[in-house]
Amino acid sequence: MINAAKYTLTLKNFSSQFHRFAVFQTYQNVSETAVKPLPLAWIVGAVAPGTKDQSSSSQFTWKTTYNISIINSYHIGNEMLSTNSVHMPIDIGGENGFAVTYLGDFPLGAPAFVGSMMDGQKGYLLIQSDRKIPTSERQHNENCFLKVGFSMAGRQVSVADLHPDILYRFTLNPVYRITAGEFYPGQIIGDEPSGNSFIIDFGGEFNKTIVLKSDNSFEDEK
């Protein structure tokens with residue numbers, strides 16, 4: 001992928017407890033609408049007990065390869081779910097603007113990209129939905145839901161509801177965060193964990209080490 005950077009995160013456990021944790025990302029929504037992406041548990045991991053003298057750590061390495069996806073989830077009764085999606089790569093150093101529509105008769109059709117927007121902006125992701133995207137009320141009535149998803153390194157990091165005739169404009173500069181707790185990959189991270197999370201600031205570097213202390217809080221390695 002063009003302009004993909006490689007990052008490495010190391011978590012050292014200086015506490016006497018076994019811990020599970022999740023790394024997630026938040027993105028600024030700079031559109032004029034109230035729609036914003038919901039952060040998901042992007043990396044889920046665990047770390048054994050340790051001390052400063054007895055090292056215990058988890059390490060993750062990834063490349064900043066982005067994809068945008070539009071997703072159609074149709075709940076057919078109580079025991080069947082039909083899902084289709086389409087994905088598009090994003091060049092974070094380029095201009096990313098996409099137009100999306102719905103093809104076929106809702107809910108038995110599919111969302112689709114129908115071209116690029118020529119007025120894309122570097123550092124931002126623009127998504128223009130047309131009037132063929134069903135309204136939120138109709139999506140709920142049909143039990144069929146449309147989403148816009150963001151993925152990095154092949155794993156989804158956030159999702160937003162897809163509504164008709166809206167220009168979505170998101171920054172592509174993520175804030176990495178980590179929080180302790182039981183999570184599964186792709187789980188929606190609510191506002192409360194965001195408030196209790198620790199911001200992982202790479203500071204322009206590509207390697208970062210943070211420490212889980214005995215009081216179960218995080219800090220940068222000193």
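## Charges, pocket and two strand residues

The protein carries 17 positive and 21 negative charges, and the mean positions of the two sets are 6 Å apart. The model behind this value is a predicted one.

**The whole chain**

Start with the overall build. The protein has 2 helices and 17 strands. Its C-alpha trace spans about 65 × 40 × 30 Å along the principal axes. Of its 222 residues, 45% are buried.

Next, look at who touches whom. Take the contacts in the protein with a separation of 6 or more. Residues 24 or more positions apart account for 70% of them.

Now the surface. The protein exposes about 11700 Å². Carbon and sulfur atoms supply 47% of that area.

**The largest pocket**

Rolling a probe the size of a water molecule over the atoms shows where empty space is left. What volume does the largest pocket have? It is about 330 Å³. The lining of this pocket is made by 19 residues. Those nearest its centre are Tyr7, Asn173, Pro174, Tyr176 and Phe202. Two elements give two or more residues to the lining: β14 (175-180) and β15 (198-200).

**Two residues in strands**

Thr10 and Leu103 can be set side by side.

| Residue | Strand | Relative accessibility | Class |
|---|---|---|---|
| Thr10 | β1 (residues 6-13) | 11% | buried |
| Leu103 | β8 (residues 96-103) | 46% | partly exposed |

Why does Thr10 count as buried? Its relative accessibility is 11%, and buried means under 20%, so Thr10 falls in that class. Thr10 sits in strand β1. Leave aside its neighbours within four places in sequence, and Thr10 is in contact with Ser57, Ser58, Gln59, Lys208, Thr209 and Ile210.

Leu103 belongs to strand β8, which covers residues 96-103. Is Leu103 buried, exposed or partly exposed? Leu103 counts as partly exposed because its relative accessibility is 46%. That value lies between the cut-offs of 20% for buried and 50% for exposed. With neighbours within four places in sequence left out, Leu103 is in contact with Gly109, Ala110 and Ala112. Leu103 can also be compared with Lys132, 29 residues apart from it along the chain. The C-alpha atoms of Leu103 and Lys132 are separated by 7.9 Å.

Definitions and conventions
Residues numbered from 1 in each chain as written. Predicted model: local features only at pLDDT ≥ 70, side-chain atom pairs only at ≥ 80, totals over all residues. Heavy atoms only, no water. Helix = DSSP H or I, 4+ residues; strand = E, 2+ residues; numbered from the N terminus. Buried < 20%, exposed > 50% of the residue type's maximum accessible area, 1.4 Å probe, protein only. Contact = heavy atoms within 4.5 Å. Areas by Shrake-Rupley, 256 points an atom, 1.4 Å probe, with all protein chains shown as cover. Lys, Arg positive; Asp, Glu negative; His and termini not counted. Charge placed at Lys NZ, Arg CZ, Asp CG, Glu CD. 1 Å grid on protein atoms, 1.4 Å probe; cavity = no way out; pocket = protein on both sides within 12 Å on 5 of 7 lines; lining within 4 Å. Points joined across faces, edges and corners; volume = space filled by probe spheres on them.
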